[in-house]
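Me: I'd like to go through this one by asking how each label was earned. Can you set the values against the cut-offs for me?

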Amino acid sequence: LNNMNKYAGRKLKLDNKVYKSEMATNNTNMALAYLLKSYNRFYGDVDDTVDVYTQQCSKLISAKDLATMACVFAKGGVHPYTKKRLLNKNASEFVYRSLRGEGLYEYSGRWDTDVGCVSAKSGVGGGIFIILKGIGGIGIVSPPLDKIGNSVRGIKAGKIIANKILKLTNKRTMFCPN
């Protein structure tokens with residue numbers, strides 16, 4: 001939770017209504033966590049960890065916050081305003097690569113085809129942050145969600161904006177892994 005505040009550059013507030021709703025319907029997350037725990041692949045207390053995850057999903061966040069957070073990863077772990085290093089370059093790269101394959105759930109592969117080497121992460125509140133590695137970040141907040149769990153308008157707008165930026169900067173393939 002503190003990392004989210006650091007990445008956004010401000011103290012983010014919890015939306016208690018969303019938090020309570022998510023906690024009341026997080027049976028799948030709890031089941032998956034306990035399944036992982038049964039295989040010694042969950043490395044913390046299940047209840048506490050799922051609670052913190054649910055709090056993260058329930059933060060009140062703006063498009064500017066999302067863009068700032070994405071920018072931290074785009075700049076290799078350095079905050080765009082404070083210039084402070086918030087995580088090392090390897091950790092930043094790990095997040096970037098993980099989100100490329102999983103950040104938009106089942107839509108991640110299609111996103112990669114439509115936009116290219118641009119990582120994105122969606123949230124239950126209708127937010128999407130997009131990491132343009134070496135360039136910057138885009139933040140979009142626009143409910144409602146599609147059946148997969150991504151912002152309908154956020155996906156459409158994100159594709160258009162990311163592609164325009166990549167075209168303008170001529171960086172479409174510069175940062176794609178070999």
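Me: Where does D51 sit, and what makes Y19 and M23 its contacts?
Reply: This is a predicted model, and in it D51 belongs to helix α4, which covers residues 46-57. Contact means heavy atoms within 4.5 Å. Once neighbours within four places in sequence are set aside, Y19 and M23 are in contact with D51.

Me: How far is D51 from Y107, in sequence and in space?
Reply: They're 56 residues apart in sequence, and their C-alpha atoms are 26 Å apart.

Me: Just before that helix there's D45. Why is D45 called partly exposed?
Reply: Its relative accessible area is 43%. Partly exposed runs between the 20% limit for buried and the 50% limit for exposed, so D45 gets the middle label at 43%. D45 is in the loop between α3 and α4. Measure across to N150 and you get 28 Å C-alpha to C-alpha, with the two positions 105 residues apart in sequence.

Me: N40 is in the loop between α3 and α4 too. What makes N40 count as exposed?
Reply: Exposed needs over 50%, and N40 has 60% relative accessibility, so exposed it is. There's a backbone detail as well: phi of N40 is positive, about 55 degrees, although N40 is not a glycine.

Me: What about Y105: where is it, and why is it called partly exposed?
Reply: Look in the loop between α6 (89-102) and α7 (108-115). Y105 has 32% relative accessibility, so it falls between the 20% and 50% limits and counts as partly exposed. Its phi is positive too, near 55 degrees, and Y105 is a residue other than glycine.

Me: Which peptide bond is cis, and what is its omega?
Reply: The one joining P143 and P144, with omega about 10 degrees. P144 is found in the loop between β5 (136-141) and α8 (152-169).

Me: On to cysteines. How do you know how many disulfides there are?
Reply: A disulfide is a covalent bond between the sulfur atoms of two cysteines. To count here, a pair of cysteine sulfur atoms has to be within 2.5 Å, and a search of the whole structure finds zero.

Me: Are C57 and C71 buried or partly exposed?
Reply: Buried means under 20%. C71 has 12% relative accessibility, so it counts as buried. C57 has 23%, so it counts as partly exposed.

Me: Zooming out, what is the order of helices and strands?
Reply: Reading along the sequence gives α-β-α-α-α-β-α-α-α-β-β-β-α, with eight helices and five strands in the protein chain.

Me: And what makes the protein chain as compact as a globular protein of that length?
Reply: Its radius of gyration is 16 Å, and the globule rule gives 16 Å for 178 residues; the two values are close, so the description holds. Along the principal axes, the C-alpha atoms fill a box of roughly 45 × 35 × 35 Å.

Me: What share of the protein chain counts as buried, and what about the surface?
Reply: Of the 178 residues, 39% count as buried. The accessible surface comes to about 10,400 Å², and 57% of that belongs to carbon and sulfur atoms.

Me: How far apart are the mean positions of the positive and negative charges?
Reply: 11 Å, taken over 28 positive and 13 negative charges.

Definitions and conventions. Residues are numbered from 1 along each chain as its sequence is written. This is a predicted model: local features need pLDDT of at least 70, side-chain atom pairs count only at pLDDT 80 or more; totals for chains, interfaces and linings use all residues. Side-chain values use heavy atoms; hydrogens and water are left out. Helices (H or I, at least four residues) and strands (E, at least two) are DSSP runs, numbered from the N terminus. The radius of gyration is taken over C-alpha atoms; the globule rule is 2.2 Å times the number of residues to the power 0.38. Buried means under 20% relative accessible area, exposed over 50%, partly exposed in between (1.4 Å probe, protein chains only). Accessible areas come from the Shrake-Rupley method with a 1.4 Å probe; for residues, only the protein chains shown count as cover. Lys and Arg count as positive and Asp and Glu as negative; His and the chain ends are not counted. The place of a charge is taken as NZ of Lys, CZ of Arg, CG of Asp or CD of Glu.
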